[in-house]
Amino acid sequence: MYSNHNRNDNEINSAKLLIQEKGYSIIFQTKEPVESFGFVTSFLFQLSHYALKTIVTDATYNTNGAKHELYEIMEVINGTSFPLSYLLISTDKDIVQINAAISQPTILCNISFSNNNSHIKQKKSKVLTQILCIKSQRDEIIQKMEQYFHHHILIPNANKDFIINPLEVWTHCVGEMFQYCYQNNLQTEWIYLWENWYNWSQFCLWSCCSFSEIIVHKTTMLIESHWRILKHDHLYKFAHPRIDLLCFIIINKVVPQQFECYYLLSQNRDKYLTDQNKWICSCPYFLTSHFFLCKHLVVPMGKMENIFFKKVQRNGTYPLISQSNVTIWQDLGNQRISIVNESNIFNIDGSTLTMENSDNEDNDDMEFCENKIIKFKNLLKETLDLLDESINLPQRKKWLENISSNFIPLEQMVQQIKEHKRQLTMPRTWKDKTKNTFYWGCETEVTFFSSL
């Protein structure tokens with residue numbers, strides 16, 4: 001599969017021959033001071049009908065044995081990135097990113113601040129050591145630069161003012177950074193910042209204020225996913241491959257995968273069969289979902305009101321998910337009210353169910369409870385009288401020892417009910433209940449159902 005990549009003993013010349021053979025254009029190549037070459041993909045011409053608005057660029061390492069750095073420029077369309085060009089070179093990372101992007105001056109480009117942050121730390125670690133700049137000062141400078149990176153004419157500043165002129169934003173940022181370096185005696189640091197970051201020719205390339213629109217993609221997340229596909233899906237099979245093999249994989253494996261994704265987007269179709277009326281989808285996630293959900297069905301629904309999640313229910317037939325007119329809690333509440341208010345019990349008369357009034361049964365229950373309570377109270381009162389009379393018994397101690405076992409169940413009942421009343425949480429299961437607390441504090445409604 002990967003054996004047809006060698007066109008020359010020199011891997012760079014072999015890569016160039018391979019690129020031209022596959023119909024790709026080499027846009028430039030250099031030998032001095034470093035050997036490098038770059039080529040464009042068919043996406044550059046395929047996407048020409050789109051208004052190039054946002055591009056992302058990044059570099060990756062350890063992709064080939066010659067230790068060339070691999071750079072890429074990608075166009076972002078509806079949140080999906082497509083490769084426009086690749087570059088193999090060995091030089092400073094951020095400068096190459098910027099120079100590659102500004103070859104199209106009308107394109108809205110932005111270099112990720114995470115790359116700048118790392119670049120600043122590496123550069124400053126050498127410069128600042130010479131001037132004894134402590135780490136706290138270096139971190140504060142980077143924090144200020146991060147704030148400057150996000151400044152934009154469409155976003156008000158801390159004083160609630162809008163600065164509509166990017167030059168005013170630049171003047172403010174330069175003045176603030178200069179004052180900080182001056183107050184902390186960081187002359188060498190300021191020289192480095194001015195030459196590499198804060199003169200206008202460099203500032204307008206990395207700060208968001210120089211663009212009329214707010215940059216949405218401020219990180220290299222989209223292009224990092226592209227590197228993951230290249231490395232994890234293809235390059236993992238090889239240890240430091242030749243450059244011509246790397247180009248072979250990009251041309252024959254990576255770019256065709258991106259074209260398949262582009263084709264699906266351009267045709268405005270999904271690779272899975274979805275039907276929202278039946279609420280079905282052919283994707284693997286929907287097949288194993290316990291709730292009949294997947295992104296292909298949920299995303300087109302848009303934002304849902306909270307009441308929807310109280311009315312939605314799963315079904316065993318089409319549609320697998322539907323919305324009822326009333327919430328499930330309203331339905332259960334209506335059933336509960338109808339059962340509670342129904343003052344009838346079921347009697348079986350042959351094969352016919354008839355309803356009769358149950359007021360007499362309610363009265364019987366109340367009478368039964370009243371009689372039991374009166375009986376228990378009288379029993380406790382008589383017991384109390386006997387205990388008072390025991391004062392005059394000559395063998396009182398022995399008598400109390402003999403009857404103590406009679407009060408153990410009563411003592412347990414009182415103790416268990418007290419503990420139950422002090423309980424802050426609900427019992428986990430019925431086994432946490434005892435016969436003394438099973439019905440204590442519970443509003444239990446008993447409904448009798450009879451069936452044929």
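Here are legends for several close-up views of this predicted model.

**View 1. The whole chain, to get our bearings.**
Before zooming in, take in the protein chain with its 16 helices and 12 strands. Of its 452 residues, 32% count as buried. Now think about who meets whom: among contacts with a separation of 6 or more, residues 24 or more positions apart account for 55%.

**View 2. Helix 9 and its buried face.**
Helix 9 runs over residues 221-233, which makes 13 residues. From the first C-alpha to the last, helix 9 reaches 18 Å, close to the 18 Å expected at 1.5 Å a residue. Which residues of helix 9 are buried? They are L222, I223, H226, W227, I229 and L230. Looking down the axis of helix 9, you would find these buried residues within an arc of 155°, so they line one face of the helix. A general rule helps here: an α-helix has 3.6 residues a turn, so residues three or four places apart point the same way. On the face of helix 9 turned away from the buried side, look for the exposed residues M221 and H232. What covers the buried residues of helix 9? The cover includes strand 3, strand 4 (69-77), strand 5 (80-89) and helix 10 (243-266).

**View 3. H226, a buried histidine in helix 9.**
Let us pick out one residue of helix 9, namely H226. H226 counts as buried because its relative accessibility is 3%, and the cut-off for buried is under 20%. Which residues does H226 touch, leaving aside those up to four places away in sequence? They are E72, M74, P83, Y86, V254 and Q258.

**View 4. D58 and W227 in polar contact.**
D58 has its place in strand 3, which covers residues 54-60. Is D58 buried or exposed? D58 is buried, with a relative accessible area of 1%. The side chain of D58 is joined to that of W227 by a polar contact of 3.4 Å. You have already met W227 as one of the buried residues of helix 9, and strand 3 as part of what covers them.

**View 5. F43 and F259, a stacked pair.**
Aromatic rings are a good thing to look for, and the count here comes to 19 aromatic pairs. One of them is formed by F43 and F259, a stacked pair with 4.0 Å centre to centre and 15° between the planes. F43 lies in helix 2 (residues 43-46) and F259 in helix 10, so the pair ties together parts that are 216 residues apart in sequence. The two partners can be described one by one: F43 is buried, with a relative accessible area of 0%, while F259 counts as partly exposed at 24%.

**View 6. A cluster of aromatic residues.**
Next comes a group of rings that form one aromatic cluster. Its tryptophans are W170, W190, W194, W197, W200 and W206. Joining them in the cluster are the tyrosines Y148, Y182 and Y198, along with the phenylalanines F178 and F203.

**View 7. Cysteines without a disulfide.**
How many disulfides does the structure hold? The number is 0. C209 is in no disulfide, and the nearest cysteine sulfur, that of C173, is 6.5 Å away. C209 counts as buried, at 0% relative accessibility. Another cysteine to look at is C261, which is partly exposed with a relative accessible area of 30%.

**View 8. Two cis peptide bonds in loops.**
E32 and P33 are joined by a cis peptide bond, with omega about 0°. P33 sits in the loop between strand 1 (25-30) and strand 2 (36-40). Another cis peptide bond joins Y318 and P319, where omega is about -10°. You can find P319 in the loop between strand 9 (312-314) and strand 10 (321-323).

**View 9. Positive phi at K67 and H240.**
K67 has a phi near 60°, a positive value in a residue other than glycine. Where does K67 lie? Look in the loop between strand 3 and strand 4. At 71% relative accessibility, K67 counts as exposed. H240 also has a positive phi, near 55°, and is likewise not a glycine. The place of H240 is the loop between helix 9 and helix 10, and H240 is exposed, with a relative accessible area of 55%.

How values were computed
Residues are numbered from 1 along each chain as its sequence is written. This is a predicted model: local features need pLDDT of at least 70, side-chain atom pairs count only at pLDDT 80 or more; totals for chains, interfaces and linings use all residues. Side-chain values use heavy atoms; hydrogens and water are left out. Helices (H or I, at least four residues) and strands (E, at least two) are DSSP runs, numbered from the N terminus. Buried means under 20% relative accessible area, exposed over 50%, partly exposed in between (1.4 Å probe, protein chains only). A polar contact is a pair of N or O atoms within 3.5 Å; within protein, one must be able to donate a hydrogen and the other to accept it, and residues adjacent in sequence count only if both atoms are side-chain atoms. The expected span of a helix is 1.5 Å times one less than its number of residues. The arc is that of the directions from the helix axis to the C-beta atoms. Contact means heavy atoms within 4.5 Å. A disulfide is a pair of cysteine sulfur atoms within 2.5 Å. Rings of Phe, Tyr and Trp (its six-membered ring) pair if their centres lie within 6.5 Å; planes under 30 degrees apart count as stacked, over 60 as edge-to-face and the rest as tilted.
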